[in-house]
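Here are my notes on the model, set out point by point. Please read them with the structure open.

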Amino acid sequence: MAGKNESFGSSIPALAASQLKVREELYSKSSKNLQNLQAINSNTAWVVLRSSVNEVTNKQILNEVAKGKIPTTDISDDNKTASNFILTGGRAANFFNKSVQGVNLFGDYNALNTYNKDERLGVRPMPGITGLKVASKNTYGTLMQAEVNFSVWSLEDLERAELLYFRPGYSALLEWGHSVYVGDSVDDIEYAGKESIIYPDKGFFQSKSMVTIDKAINDKRDESKGNYDGMFGYITNFSWSFRPDGGYDCSIKIVSKGIILGSLSVGKTSDMTKAEKKKQEEEKEARKSKFHFIFNRLEANTDDNTFNAKEYLASDEGKAADAVGNLTPFDVFRINQDIAGEGFLGFDKGINLIYMPLRAVIDIINYHFNLKDPKQNQDLLTIDLNYGEKYVTFPQHMSIDPLVAVLPKTPNFSSFPEYTEDGSAKDFTILLGDVTKNMEAYASSDKYTSDSRASTNDILNIMVTSTFVKKCISKVIDGPQEEGAGVQDFLDELFSGINNAFGEINDIGLFYDHYECIYKVVDRRNTNSKSRLEELQLTGLSSTVVDIGLSSKISSQISSQVAIAAQGNSGNYKDNVEAILKWNSGAIDRHIPVKTVEPDPSDPDPIKLAEQAKEKRKTYIEELRDVWYKFNNAEIGEDKRGWLAKAADQFITNQSFDSELWNQLRQESIAEMNRFYKTARKTPVPQGVVPVELSLKLVGITGFKIGTAFKIKPGLLPEKYNSFAYIITGLDHEIGTDNKWYTNIKTQFYAIQ
């Protein structure tokens with residue numbers, strides 16, 4: 001997606017859309033020439049697997065490396081074994097070598113073109129791939145996992161396979177595609193060949209970087225018009241079993257490099273700081289993690305309400321130049337805040353509350369936590385820092401927990417008198433006073449970026465507090481360390497807290513673009529893309545879809561909510577339930593036509609119920625206003641504060657955050673944000689997906705991306721389906737014993753009208 005101006009929820013990429021259109025034209029062509037018939041009937045799949053393992057024969061060197069006496073870059077090795085043991089399947093063997101060169105009698109072994117002579121079993125076949133399954137894993141496919149099945153026919157071949165492919169943590173390049181395919185037009189028929197279709201051996205068996213190979217794979221996808229795919233990933237598991245005929249059935253699993261993030265450690269502060277003879281008492285917390293170190297230094301600045309964090313940390317005063325070398329400059333915003341009851345003996349604890357853009361937190365992760373290739377001086381995995389991904393919001397959207405995060409804009413309650421009565425709207429909507437104004441100006445400026453997509457509605461401009469970020473990292477590193485706990489767990493905590501602070505309106509999380517090989521921070525609720533969605537043809541002579549399935553994926557929790565809300569009128573359900581109500585519209589349960597959670601359903605007087613609801617809401621708004629006033633140290637009118645409280649302001653501040661009071665209002669605040677969200681939408685269309693899954697199986701194709709969407713041409717599905725689009729949540733590829741490549745697409749419905 002990066003670099004192609006695509007965002008989560010936008011239409012499927014042009015690569016897949018254009019290839020499908022050409023295929024439809026080919027299949028529906030009334031008069032087909034020989035090449036057309038070959039593309040339709042003679043096409044089979046091919047698979048190639050190559051190992052990145054080089055063989056090291058000097059055991060002494062390996063021992064020295066293991067002891068840390070010499071670096072791994074000093075190892076002397078060669079790629080001869082790997083280059084002579086390339087595994088292929090389908091048509092790949094044909095375009096690698098058109099003829100077998102006989103039996104290996106003199107040790108010049110090559111798995112691609114020689115039979116191997118076994119002393120016990122005689123002449124044995126060449127090893128080869130027998131099956132391939134590539135599937136997306138996790139929510140919205142943050143990982144791709146491939147399972148490659150292959151056969152070897154002798155113990156010698158098994159030993160070679162053990163050296164090259166039974167190596168968890170080592171990398172391998174897997175490629176597959178069509179042998180004959182249509183290109184830009186029905187008369188542009190291409191035939192796959194070794195030189196034209198796969199990544200060159202010469203480049204792969206040299207020390208090329210992962211980034212270089214990833215780029216080459218992406219280029220091959222474009223060149224083949226979607227008829228080639230590949231992944232350069234890590235071997236995670238292997239298995240083999242002995243067969244009665246003396247051969248071995250083997251299997252390995254390869255996972256995309258996105259798996260790195262799930263295994264990254266949070267590291268030690270000493271990894272990035274110089275040794276100091278003596279630590280100040282107030283800096284002991286900084287030893288906890290790199291985030292603690294950076295944020296504690298920022299919190300030490302009590303002179304400026306707004307300042308450039310990188311400049312300050314690099315200065316003599318900040319004393320953290322080693323921590324910010326390659327970071328992008330960013331502003332931070334601070335206010336002094338008292339946290340009620342968290343100090344000594346239950347007194348208030350004063351903190352310097354620092355707000356910073358989420359982009360800065362991601363930048364720190366990329367810089368300090370990401371694995372790097374020292375030979376190529378390149379990151380092995382990054383989280384995208386480019387702007388463009390938006391979060392779902394509305395004019396009245398506000399944080400219900402400012403100690404976690406705030407939106408980089410001020411809410412607008414001008415059309416809601418209950419929020420603006422007594423002239424208090426100004427103080428209430430400013431929230432953080434001048435600090436929020438500065439945040440809003442920062443988020444919409446081009447001070448640190450030339451990206452025109454940056455705005456106050458950009459996810460990366462959400463403001464999070466240093467206090468909350470440190471809390472998230474502490475939750476990961478405090479106590480016993482679970483296996484695999486690290487950066488991924490920290491980010492899960494971070495995004496979960498932000499979603500809750502914004503009223504559970506958003507579903508912010510990580511999304512992995514397997515084609516661009518980069519993570520992105522997206523809002524999975526933001527399915528309403530402004531781009532025109534492509535329409536797919538699923539049936540007819542022109543379609544290459546071979547199977548269609550539809551199934552409900554409604555969880556037991558959602559089922560119970562739907563049972564209540566199906567004909568209810570409370571309006572307190574979330575969008576996933578509202579989306580189902582949209583799905584169920586036009587029908588009613590004649591036995592139980594109405595369900596409600598109102599306390600007195602026996603009194604159906606709508607005026608009385610409305611008055612009761614109004615009074616309850618008024619009480620909530622007054623309480624909400626009160627906690628915001630205390631948080632902001634705002635002036636409350638004479639009619640709302642006694643003389644004693646006003647006099648006390650001359651001696652002490654009432655600027656404090658009482659977590660207990662905020663928590664008491666949390667559930668009501670979440671419901672209030674959902675009310676505003678439903679009211680503010682210009683159309684009654686719910687955002688978010690319906691837990692009903694449409695699955696398609698079609699002739700193998702690359703170019704589809706998880707997180708992109710499409711529509712289906714009318715005429716196949718019931719009429720109400722025309723009101724929905726389909727967002728891709730999973731992609732699978734398979735090549736079986738029939739040597740055919742198929743692509744399986746999993747989607748979920750979301751309403752578009």
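**Notes on the predicted model**

1. Start with a charge over a ring. The charged end of Lys697 sits over the ring of Tyr742, 4.8 Å from the ring centre. Arg243 makes a similar entry in these notes: Arg243 lies over the face of Trp153, at 4.5 Å from the ring centre.

2. Now the overall picture. This is a predicted model. The protein chain has 753 residues, and 52% of them count as buried. It holds 23 helices and 28 strands. Its accessible surface comes to about 35,000 Å², with 49% belonging to carbon and sulfur atoms.

3. Contacts reach far along the sequence. Take the contacts in the protein chain with a separation of 6 or more: residues 24 or more positions apart account for 71% of them.

4. Which residues have the most contacts inside the largest nonpolar core? They are Phe291, Leu298, Phe490, Leu491, Leu494 and Val521, in a core of 89 residues. Helix α18 (residues 487-501) supplies the largest share of this core, with seven residues. Another core lies apart from it. That one has 51 residues, among them Val148, Leu158, Tyr165 and Met231.

5. Look next at strand β12 (residues 248-256). Seven of its nine residues are buried, so β12 is largely enclosed by the rest of the structure. Strand β7 (residues 143-152) pairs with β12 in the antiparallel sense, over eight bridges. Within β12, Ile252 stands opposite Val148. Val148 is also one of the residues of the 51-residue core.

6. β12 has another partner to check. β11 and β12 pair in the antiparallel sense over nine bridges. Val255 in β12 is the bridge partner of Tyr234. The two strands form a hairpin, with five residues between them. In the turn, Gly246 has a positive phi of about 95°.

7. A general reminder for reading these strands: in a regular strand the side chains alternate between the two faces of the sheet.

8. Aromatic residues deserve a separate look. The structure holds 20 aromatic pairs. One of them joins Phe204 and Phe205, edge-to-face, at 5.2 Å centre to centre and 75° between the planes. Phe204 counts as buried because its relative accessibility is 6%, under the 20% cut-off. Phe205, at 13% relative accessibility, counts as buried too.

9. Phe204 has a further ring partner. Phe204 and Phe232 form an edge-to-face pair, 6.2 Å centre to centre, with 75° between the planes. Phe204 lies in helix α8 (residues 201-204) and Phe232 in strand β11 (residues 228-242), so the pair ties together parts that are 28 residues apart in sequence. Both Phe204 and Phe232 are buried.

10. Ring pairs also build a cluster. Its members are Phe85, Phe150, Tyr165, Phe166 and Phe238. Tyr165 is listed in the 51-residue core as well.

11. Is Gln396 buried or exposed? Gln396 is placed in the loop between β17 (378-379) and β18 (405-406). Gln396 counts as buried because its relative accessibility is 6%. Which residues does Gln396 touch, not counting those up to four places away in sequence? They are Pro411, Asn412, Phe413, Ser415, Phe416, Met673, Phe676 and Ala680.

Key
Residues numbered from 1 in each chain as written. Predicted model: local features only at pLDDT ≥ 70, side-chain atom pairs only at ≥ 80, totals over all residues. Heavy atoms only, no water. Core = buried A, V, L, I, M, F, W, Y, C linked by side-chain atoms within 4.5 Å. Buried < 20%, exposed > 50% of the residue type's maximum accessible area, 1.4 Å probe, protein only. Helix = DSSP H or I, 4+ residues; strand = E, 2+ residues; numbered from the N terminus. Phe/Tyr/Trp six-rings, centres within 6.5 Å; stacked < 30°, edge-to-face > 60°. Lys NZ or Arg CZ within 6 Å of the ring centre and 35° of its normal. Contact = heavy atoms within 4.5 Å. Areas by Shrake-Rupley, 256 points an atom, 1.4 Å probe, with all protein chains shown as cover. Pairing = 2+ DSSP bridges.
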